[in-house]
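Open the structure in your viewer and show it as a cartoon. The stops below say what to select and what is found there.

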Amino acid sequence: MNRISVLISAVLLCVSQLHAQNPWIVEADNIQPDNYYGVTVANGMLGLVSSPQPLKVSSVILAGSYDIYGRGRVSNFLNGFNMLNMQLSINGNSVNGNNITQFKQVLDMKQGIQTSSFMFKDEAKVEYSYLAIRQLPFSAMLDVTITPLKDITITAANILETPEAFRDSKNFYNQINRKHVSIALLTSSAYSPTGKLNICASSSFIFPEKRGEEPQIIHSTPNCNNHSMKFTKELKAGVKYHFSLVGSTITSAYHPDPLNEVERLTIFARLEGNDRLLNKHREAWNKLWESDIVIEGDPVAQQDIHNMMYHLYSFVREGSALSISPMGLSGLGYNGHIFWDADTWMFPALLLLHPEMARSFVDYRFDRLEAAKKNAFEHGFRGAMYPWESSDSGFEETPVWALSGTFEHHISGCVALAAWNYYLVTKDKEWLKEKGFPIIRSTADFWLDRVEKNEQGKYEIRNVVAADEWAENVDNDAFTNGVAQINLEVSANAAGILQEKVKRSVAGSCKKIWLFISLTTE
């Protein structure tokens with residue numbers, strides 16, 4: 001073959017691969033535990049991070065639940081109970097990453113499901129998928145199908161382990177028997193490191209057999225931080241066996257009685273059944289994807305766009321009044337704190353695609369307005385000064401060594417701009433009156449007190465950390481001055497819409513990065 005033929009073949013191969021790119025699917029078929037980065041399935045409240053070990057997830061992250069433990073004396077997300085911690089044995093041999101072959105993991109972004117498969121020797125093929133159930137904010141499911149290649153005996157165990165940082169753990173096992181159903185509940189309860197939160201988790205098997213024909217479940221408690229439930233089943237060659245595991249987790253941040261509530265939630269999911277859970281989950285994701293961005297002729301770019309949108313959709317939940325950390329629900333990165341990333345970079349795209357979900361961002365800021373006012377008071381200013389890093393309390397959560405926590409003030413303008421943009425898109429005047437304008441007006445008051453008059457009679461904003469965080473303690477950062485001006489202008493606009501009486505005057509030159517906009521309410 002000559003060089004031209006080789007070149008043509010290479011081009012055709014690339015084109016073929018390009019067109020074969022699935023815009024919804026991300027695959028991995030060379031799983032290396034030492035070089036592995038998990039993918040996340042989440043429902044806006046609960047995040048499950050994949051593991052390089054079969055039938056497991058590596059992390060369970062619950063949005064909005066924070067405590068302080070060993071990360072710079074500031075609050076951070078909790079790595080919670082793992083309700084989907086399965087251990088499978090086949091013919092007495094424990095299945096693990098060292099004795100399986102053809103291990104493949106697939107993320108289906110359209111359905112919000114992670115699916116994996118592997119071969120165990122010449123004895124069985126195992127397929128499993130897990131999902132953070134979209135319609136049930138605190139619940140998840142692991143779905144397992146085993147295809148025996150020979151007659152085999154399987155033992156499947158679900159193990160609840162108390163995370164190392166948790167304390168005062170308690171374990172419970174309950175068997176609820178009714179005429180048509182038997183429900184086994186494996187439950188654990190513990191307190192977060194400082195005792196701030198009570199965290200609870202519970203799980204239950206879903207079997208295909210009728211009442212009275214299900215496998216017998218055995219409960220064991222080897223120690224106070226670990227207990228499990230397991231069953232054993234004989235399978236005939238070629239006859240598939242399918243079962244599921246549902247689990248829920250909730251903390252006292254959301255419910256005053258998380259122990260009883262987590263079992264109620266697990267019972268609800270258990271009695272919904274596998275098919276109804278999956279169908280409703282898919283329906284919910286299909287509804288989300290009615291707002292899509294379509295790129296023609298570039299499957300790689302299309303997959304990239306879907307990847308970005310998938311994570312936005314996964315990490316936000318309508319009605320939650322929660323915002324997004326830079327790492328979302330994919331782990332403990334950035335401590336789970338909320339920065340300007342949420343208001344400035346993530347919010348605008350979601351606002352156009354799903355304004356009902358984007359509202360959670362701005363409602364989160366409104367719910368913490370009083371904390372922002374206290375923050376301004378502490379620094380000698382009027383109005384509302386939003387923290388650079390925010391968690392559940394709304395007070396400053398930046399580690400003290402980072403000057404951004406004390407001086408990166410542009411975030412207050414970013415919060416106000418997000419509130420104004422929400423009104424511009426939705427035209428929700430009631431929301432503007434109740435929540436939006438209080439944010440916008442209070443942050444405008446902050447800027448009025450924050451500016452300083454110079455020798456030329458112009459007004460400046462001195463001593464800030466710029467949007468470029470390497471520029472520390474500088475005067476008249478362009479972005480800070482610009483967003484402050486916008487904050488003041490939209491405050492006047494919002495006041496006009498709501499027929500609030502205002503007096504507005506502007507002087508100075510923004511081109512020179514000087515600012516003077518006076519806004520007072522008469």
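The tour goes from the whole chain to a strand, a sheet, a helix pair and a loop residue.

**The whole chain**

Start with everything selected, and keep in mind that this is a predicted model. The protein chain contains eleven helices and 22 strands. Its C-alpha trace spans about 90 × 75 × 40 Å along the principal axes. Of its 522 residues, 52% count as buried. Among contacts in the chain with a separation of 6 or more, 65% are between residues 24 or more positions apart.

**Strand E11 and its partners**

Select residues 139–148, which make up strand E11. Are the residues of this strand buried or exposed? Ten of its ten residues are buried, and the strand is described as mostly covered. Now show the side chains. In a regular strand, side chains alternate between the two faces of the sheet. In E11, Ser139, Met141, Asp143, Thr145 and Thr147 point one way. Ala140, Leu142, Val144, Ile146 and Pro148 point the other way, and the residues of both sets are all buried.

Add residues 124–132, strand E10. E10 and E11 run antiparallel and are joined by nine bridges. To see one place along this pairing, pick glutamate 127, which stands opposite threonine 145 of E11. Then follow the backbone from E10 to E11: the link is a hairpin of six residues.

Next add residues 241–251, strand E18. E18 pairs with E11 over eight bridges, again in the antiparallel sense. Here alanine 140 has glycine 247 of E18 as its bridge partner.

**A four-stranded open sheet**

Hide those strands and turn to the sheet with the order E2-E3-E4-E5. Its four strands form an open sheet with antiparallel pairing. Strand E2 (40–42) and strand E5 (75–79) each have a single partner strand and stand at the edges, so one side of each is left without a neighbour in the sheet. From one strand to the next, the twist averages 30°.

Zoom in on E2 together with strand E3, residues 46–50. Three bridges join these antiparallel strands. Which residue of E3 is the bridge partner of threonine 40? The partner is valine 49.

**Helices H9 and H10**

Select residues 410–426 for helix H9 and residues 429–450 for helix H10. Their axes come within 9 Å and cross at roughly 155°. Angles over 145 degrees count as roughly antiparallel, and this is why H9 is roughly antiparallel to H10. The crossing is left-handed.

Show side chains to see the contact. From H9, the residues involved include His410, Val415, Ala419, Trp420 and Tyr423. From H10, they include Trp431, Leu432, Ile439, Phe446 and Trp447. By class, the contact has twelve nonpolar, five polar and one charged residues.

**Asparagine 91**

End at asparagine 91, in the loop between strand E6 (86–90) and strand E7 (93–94). Its relative accessibility is 36%, so asparagine 91 counts as partly exposed. Which residues is asparagine 91 in contact with, leaving aside its neighbours within four places in sequence? They are Glu123, Asp151, Ile152 and Thr153.

For a last distance, select asparagine 91 and histidine 354. These two are 263 residues apart in sequence, and their C-alpha atoms are 50 Å apart in space.

Methods:
Residues are numbered from 1 along each chain as its sequence is written. This is a predicted model: local features need pLDDT of at least 70, side-chain atom pairs count only at pLDDT 80 or more; totals for chains, interfaces and linings use all residues. Side-chain values use heavy atoms; hydrogens and water are left out. Buried means under 20% relative accessible area, exposed over 50%, partly exposed in between (1.4 Å probe, protein chains only). Helices (H or I, at least four residues) and strands (E, at least two) are DSSP runs, numbered from the N terminus. Two strands pair if DSSP finds at least two bridges between them. Axes are lines fitted to C-alpha atoms, for helices over the stretch in contact, and angles run from 0 to 180 degrees between N-to-C directions. Angles under 35 degrees count as roughly parallel, over 145 as roughly antiparallel, 65 to 115 as roughly perpendicular and the rest as oblique. A crossing is left-handed if the near helix is turned anticlockwise from the far one by less than a right angle, and right-handed if clockwise. Contact means heavy atoms within 4.5 Å. Ala, Val, Leu, Ile, Met, Phe, Trp, Tyr, Cys and Pro count as nonpolar, Asp, Glu, Lys and Arg as charged, and the others, Gly among them, as polar.
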